[in-house]
Amino acid sequence: MGFITPTHAWEETDSLVTVRVDIKGVPRSSLDVFASSCYLKVNAPPYLFSCDLEGEIVDAECVATVDAKGVEFRCPKAFPGTTWGRLRRETKEGGPETKSLTAERRRASVEAAHARVTAEKKAAVEKKAQMDKAYLEKQWALERTRRETIERRQDEEMSLERERLRRWQEEGDARAAAGVLSYDSGEDIEYDSDDDAETRAAKQKRTRVAREREFADAILTPDAVAAAESEDAAGVALIGVPDEALEKMLVADDDEDEDAENAAREARVAEAKAKAKAKAVADAAAARSAERARSVPPPPPP
């Protein structure tokens, strides 16, 4: 199958050569455009434009634009200031420029162009690899910094906890040396190590230990102590608690338990009412939203 040589036009300045190749009716995706230092080609079956240039161009800076009318080359001259006078180099057998010399010139320029493109692709791959490596190293550095920050904060928190534990042990040892009893492990309320003495005292009043002490103070009245230290006629110590004091203490303890139970019951009732009220409000809001979202049919025509 033969090829059709398309029409073309060209112009030059002192530094630029412009070549316009007219190709119509060919899909743009099927065009093969190539440029080397002394050769231009456009392959768009059934059209083929092949031109050995009179002079040389800077093929690395040559720009080819493909549009609906064809292809336009804009190529800087390798030697600005020179005038070509014609676009295509003429060859004559026996002359200074034979076909074989022109073909060899073309082959060398095509190989140089391929080598340049290969080198550019290789350089692009190496540059991308370097950028990827730099990105990974940056990410590693950020991760290392974050890990070091976390470890430093953990060490600081551990040091603070060790210091707090040391102070707590010293305070416990000091209380033990002074004969002051430490807080019972069976207390109802947990103590915070940052509480001051007034806060601890207020909390201690609500503990089981404090209630037991109040209970003991209520039982060990002066009359109870005297009765407990008295002896019968045989000289045997009588240990006991007056019935009146014991009854008073039991009634007070029952009253405290009943008050606590009533308070807990009232709290549960209040919580249930609050939940029911919140649910009613939510249901009403949902109903209003559904009513607004429901489409209203248009009135019938008169």
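**Exercise 1. Work out how E6 and E7 pair in this predicted model, and what links them in sequence.**

Let's start with the pairing itself: E6 and E7 are joined by four bridges and lie antiparallel. This is a predicted model, so keep that in mind as you go. Next, look at the connection: the two strands make a hairpin, with three residues between them. Finally, pick one pair to check by eye: Val63 sits opposite Arg74 of E7.

**Exercise 2. Find the other partner strand of E7 and place both pairings in the sheet.**

Begin with E2 (residues 16-22), which runs antiparallel to E7 (residues 70-76) and is joined to it by seven bridges. One contact to locate is Thr18, whose bridge partner in E7 is Arg74. Now put the strands in order: the open sheet has four strands, arranged E1-E2-E7-E6 with antiparallel pairing. At its edges are E1 (8-12) and E6 (63-66), each of which pairs on one side only. From one strand to the next, the twist averages 10°.

**Exercise 3. Identify the disulfide, say what it ties together, and classify the cysteines by burial.**

First, count: the structure contains one disulfide. Its members are Cys62 and Cys75, with sulfur atoms 2.3 Å apart, which is within the 2.5 Å cut-off. Cys62 belongs to the loop between strand E5 (47-52) and E6, while Cys75 is in strand E7, so the bond ties together parts 13 residues apart in sequence.

For burial, the threshold is under 20% relative accessible area. Both Cys62 and Cys75 are buried. Cys38 counts as buried because its relative accessibility is 2%. Cys51, at 0% relative accessibility, therefore counts as buried too.

Conventions: Residues numbered from 1 in each chain as written. Predicted model: local features only at pLDDT ≥ 70, side-chain atom pairs only at ≥ 80, totals over all residues. Heavy atoms only, no water. Pairing = 2+ DSSP bridges. Axes fitted to C-alpha atoms, helices over the stretch in contact; angles between N-to-C directions. Buried < 20%, exposed > 50% of the residue type's maximum accessible area, 1.4 Å probe, protein only.
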